[in-house]
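Trainee: Before I use this model, I should like to understand the reasoning behind several of its labels. May I put some questions to you?

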Amino acid sequence: MDVLRQLRGFYRERLNYLILSILCLAAATALGLVYPQLLRKLIDDVIKPGNYGDVLWIAITAVSVVVVKALLQFLHGFFGGRLGNFLAYRLRNACYEKLQFLSFRYYDTAKTGDLMSRLTGDLEAIRNFVGFGFAQILNLVLMVAFGSTMMMTISWKLTLLTMITIPFLAGVALKFESKIHPAFQEMRQALSSLTSAVQENVMGVRTVKSFAREPYEMEKFSHRNERYKDNQIFAAILWSKFFPVMELLASISVAVLLLAGGTFVIKGEMTLGELVAFFSLIWYIIGPMWGLGFHINNYTQSKASGERVLEILNQQIDVRDKPNATVLDPLKVKGFVEFDHVTFAYGNKMPAVTDIDFKAAPGSVIGFLGGTGSGKSTIIQLLMRAYNVNEGSIRLDGQNISDISVHSLRSQISTVFQETFLFSSSILNNISYGMNNVTMDDVERAAKLAKAHEFIMEMPDGYDTVVGERGMGLSGGQKQRIAIARALLKNPKILILDDATSAVDMETEQEIQSGFQEVMRGRTTFIIAHRISSLRHADEILVLDEGNVVQRGTHKELIQVPGPYQEVYRIQYADHLARATRTEGEAESS
Ligand SMILES: Nc1ncnc2c1ncn2[C@@H]1O[C@H](COP(=O)(O)OP(=O)(O)OP(=O)(O)O)[C@@H](O)[C@H]1O
């Protein structure tokens, strides 16, 4: 119930629904006690004395009870449903909102499938329990309490005798639950591994086909499918054993009742009507016992689900605004970026970057060159404040970025990532993502600068063409150009190009680069590139190796000195250099 308490804030406003739902159910349950009384009355006061005038009244009472009970049950469902749906709605929104603000650190380890199941299956389990399960458990307690009290008023001896099997019934129900619960959990895991196999297969269909791994994939799926089937069969066998055992135990109660109760009637210790009323009360109690395991299972499942949902909601956001964080005035931002001896490590790992120290004057271009894993993207992520630095500081226009509101900081930065993500929406929406008040002219201008306009116009619906999941239907270069247009439209003070032109050919790169020259004007730009051609015009190039700056300078300076930059230059420009040497040699010999 601790989980329920923690979730209280989400349903407190509709607590009246919970109370009404429970009251309606309790009233309906109490009304159920009228039937045994009516039966008793019918036999003892009407049939036996031949007082048939009352039959009509008994019949009218029985029908009235049914109608009122049905109405109460409807109201219980109505209020319970409203409460459950309200809670699920609030929790879904809260989780989604939390996911928007959780930092990159959280997403480094989060699994998509797991998050999806928390927001769907787990929320559904909570909705069911708070809406209905909780009231059902209370109802079960009430039924046993009401029923046994009434039985006691009829015959305490018979009550004690027939109650002998109740602990066994409860024991079997609990034992069943202890077996079916893990079986269900196992089934859920098996289903989740089955669905992730399908998901991975669809996402990686190209890789599967290019490696001709279809038979392996089929075998993998078949194993998982078999595991799921075995789990289902196991659960089905458990269920099929449960009902006969419960029925057997219930029948023992009934047999004891007939034997002892019949004797009491014959001896005149109780009336026939009382025996019949008692008989129906037995079923009034035993019925809910059958559902005991189910309700407990429902409770434990929703408790586990509640914990999984609360885990998201209670996640600490490590990158967040300070209480009086500065909100930048876009018109006053100059774009002066300073890294002051910055060191950062992901979790407990070795530092990804160490002692990074540089200044980027407003409007200047800083280039980063380095092998895979040398820390280039990390520097950029730190500037966006995706993570907090461990040592040193990063400043924008002299102010530590940790004192600036995250939203206003990021509003000044546009990034074109190495991997382009496009939403499944129109190209227009993808380019103008997150921007209000942009005109079609603005969008087209940005697309033209990114050299995307032409191919967009060749598409069937131009800017309204919908690009599917993961930008399906577009080439890598086309997707990247749309991402570049998106970044340019934002008109940021700081522009980050994280290997932005890696997916386009040299010629297009040149074209985009010349477009960049124009848009980079007045903006501080950071370029991460593997090609030296992208960095030649940078005001300063930092060469990174294992998180350390090993060389720095302009292109002209760096090609003069032996070191990694010169080596990369020699490799990338080998043809060009060979041609130049040949021409020099020919000139000398002639
Ligand atoms: N999210 C992360 N969690 C843990 N370690 C990470 C994470 N991202 C990067 N790293 C590690 O930090 C180091 C620097 O990685 P980074 O992505 O900055 O390199 P990079 O120079 O941009 O590489 P590439 O050119 O391949 O993109 C690497 O050792 C990498 O394994």
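The discussion below concerns a predicted model.

Trainee: Why is Asp340 called partly exposed?

Mentor: Asp340 has 16 other C-beta atoms within 10 Å. A residue is buried at 20 or more and exposed at 12 or fewer, so with a count of 16 Asp340 is classed as partly exposed. Asp340 belongs to strand E1 (residues 337-345), and the residues it touches beyond four places in sequence are Asp357, Gly392, Ser393 and Arg395.

Trainee: How do you know that the length of helix H11 agrees with expectation?

Mentor: The expected span is 1.5 Å times one less than the number of residues. For the 54 residues of H11 (residues 214-267) this gives 80 Å, and the end C-alpha atoms are 79 Å apart, so the two agree. After H11 comes Gly268, with a positive phi near 85°.

Trainee: Which residues of H11 are buried, and what covers them?

Mentor: The buried residues are Tyr228, Phe242, Met246, Leu249, Ala250, Ser253, Gly261 and Phe264. Their cover includes helix H8 (156-162), helix H9 (165-203) and helix H12 (272-290).

Trainee: What makes Ala446 stand out in the largest nonpolar core?

Mentor: Together with Ile431 and Ala485, Ala446 touches the most other members of this 61-residue core. Helix H19 (residues 476-489) supplies the largest share of the core, seven residues. Beyond four places in sequence, Ala446 is in contact with Ile431, Ala485, Leu488 and Leu489.

Trainee: How far apart are the C-alpha centres of domain 1 and domain 2?

Mentor: The centres lie 61 Å apart; domain 1 covers 2-313 and domain 2 covers 326-412 + 521-590.

Methods: Residues numbered from 1 in each chain as written. Predicted model: local features only at pLDDT ≥ 70, side-chain atom pairs only at ≥ 80, totals over all residues. Helix = DSSP H or I, 4+ residues; strand = E, 2+ residues; numbered from the N terminus. Contact = placed C-beta atoms within 7 Å. Domains from an automatic or database assignment. Core = buried A, V, L, I, M, F, W, Y, C linked by C-beta atoms within 7 Å.
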